Amino acid sequence: AHRIYQTSRLLELLYPIAFALALILGGVLPAGIILQSAKEASLLRVLGTTKRRTRAMLTLEQIFLCLLGLCLAVAALVLTKGSALLAVAGLIAVYAAAHLLSCAVGTEAAAVSVTRRNVLELLQVKE
């Protein structure tokens, strides 16, 4: 009984840490992808796309991929765990919403950073 209590206590301690790390990664990784695609953003700008539209395209692409990944993860959980998920469905929904928000904030910040630069400067970015 003592080991079960210790395991439960450890899970309660580590859950917020794992939650926070997952949210940070959920914002940083898609933002990194946008930063890597600075050259594509500059080409869109040279072709006459507005800064606002370029930002929207970069951001929405990553948000769509994030949403798709979350849907696939939930589908995999439902297929493997079934009705046992009902007990934690609220936590899963909170995490999914927070992850999506983190992704949106990170990608928007990166898109603003990429499109803020001068078009000619963006074209000179080395890969």
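Leu 47 is found in the loop between α2 (38-46) and α3, where helices are DSSP runs of H or I with at least four residues, numbered from the N terminus. Leu 47 is exposed, with a relative accessible area of 72%; exposed means over 50%, buried under 20% and partly exposed in between, with a 1.4 Å probe and protein chains only. The C-alpha atoms of Leu 47 and Tyr 95 are separated by 39 Å, at 48 residues apart along the chain.

The model is predicted: local features need pLDDT of at least 70, side-chain atom pairs count only at pLDDT 80 or more, and totals for chains, interfaces and linings use all residues. Residues are numbered from 1 along each chain as its sequence is written, and side-chain values use heavy atoms, with hydrogens and water left out.

A second loop residue, Ser 83, is placed between α3 and α4. With 61% relative accessibility, Ser 83 counts as exposed. Ser 83 and Ser 113 are 30 residues apart in sequence, and their C-alpha atoms are 44 Å apart in space.

Helix α3 spans residues 51-81 and contains Cys 66. Gln 62 lies in α3 too. Cys 66 is buried, at a relative accessible area of 11%, and Gln 62 is buried at 7%. Contacts are given here for heavy atoms within 4.5 Å. Leaving out residues up to four places away in sequence, Cys 66 touches His 99, Leu 100 and Cys 103. With the same exclusion, Gln 62 touches Pro 30, Ile 33, Ile 34, Cys 103 and Thr 107. Cys 103 thus appears in the contacts of Cys 66 and in those of Gln 62. The C-alpha atoms of Cys 66 and Cys 103 are 7.1 Å apart, with their positions 37 residues apart in sequence.

The accessibility values of individual residues are collected below.

| Residue | Relative accessible area | Class |
|---|---|---|
| Gln 62 | 7% | buried |
| Cys 66 | 11% | buried |
| Arg 9 | 48% | partly exposed |
| Leu 13 | 54% | exposed |
| Ser 83 | 61% | exposed |
| Leu 47 | 72% | exposed |

Leu 13 belongs to helix α1 (residues 2-36). A nonpolar surface patch is formed by Leu 10, Leu 13, Leu 14, Ile 17, Leu 21, Ile 24 and Val 28, with about 660 Å² of accessible area together. Patch residues have over 30% relative accessible area and no salt bridge, and nonpolar side chains (Val, Leu, Ile, Met, Phe, Trp, Tyr) are joined within 5 Å. The areas come from the Shrake-Rupley method with a 1.4 Å probe.

The count comes to 1 salt bridge, defined as a side-chain nitrogen of Lys or Arg within 4 Å of a carboxyl oxygen of Asp or Glu. Glu 12 forms a salt bridge with Arg 9, with the closest N and O atoms 3.7 Å apart. Both residues lie in α1, 3 residues apart, about one turn of the helix.

The largest pocket has a volume of about 150 Å³. A pocket is an open set of points on a 1 Å grid where a 1.4 Å probe fits, with protein on both sides within 12 Å along at least five of seven lines, and lining residues have an atom within 4 Å of a point. The volume is the space filled by probe spheres set on the points. Lining this pocket are Tyr 15, Ala 18, Phe 19, Ala 22, Val 88, Leu 91, Ile 92 and Tyr 95. Helices α1 and α4 (89-116) each supply at least two lining residues, and the largest share, 4 residues, comes from α1.

Methods: Patch = residues over 30% accessible without salt bridge, like charges linked within 9 Å, V, L, I, M, F, W, Y side chains within 5 Å.
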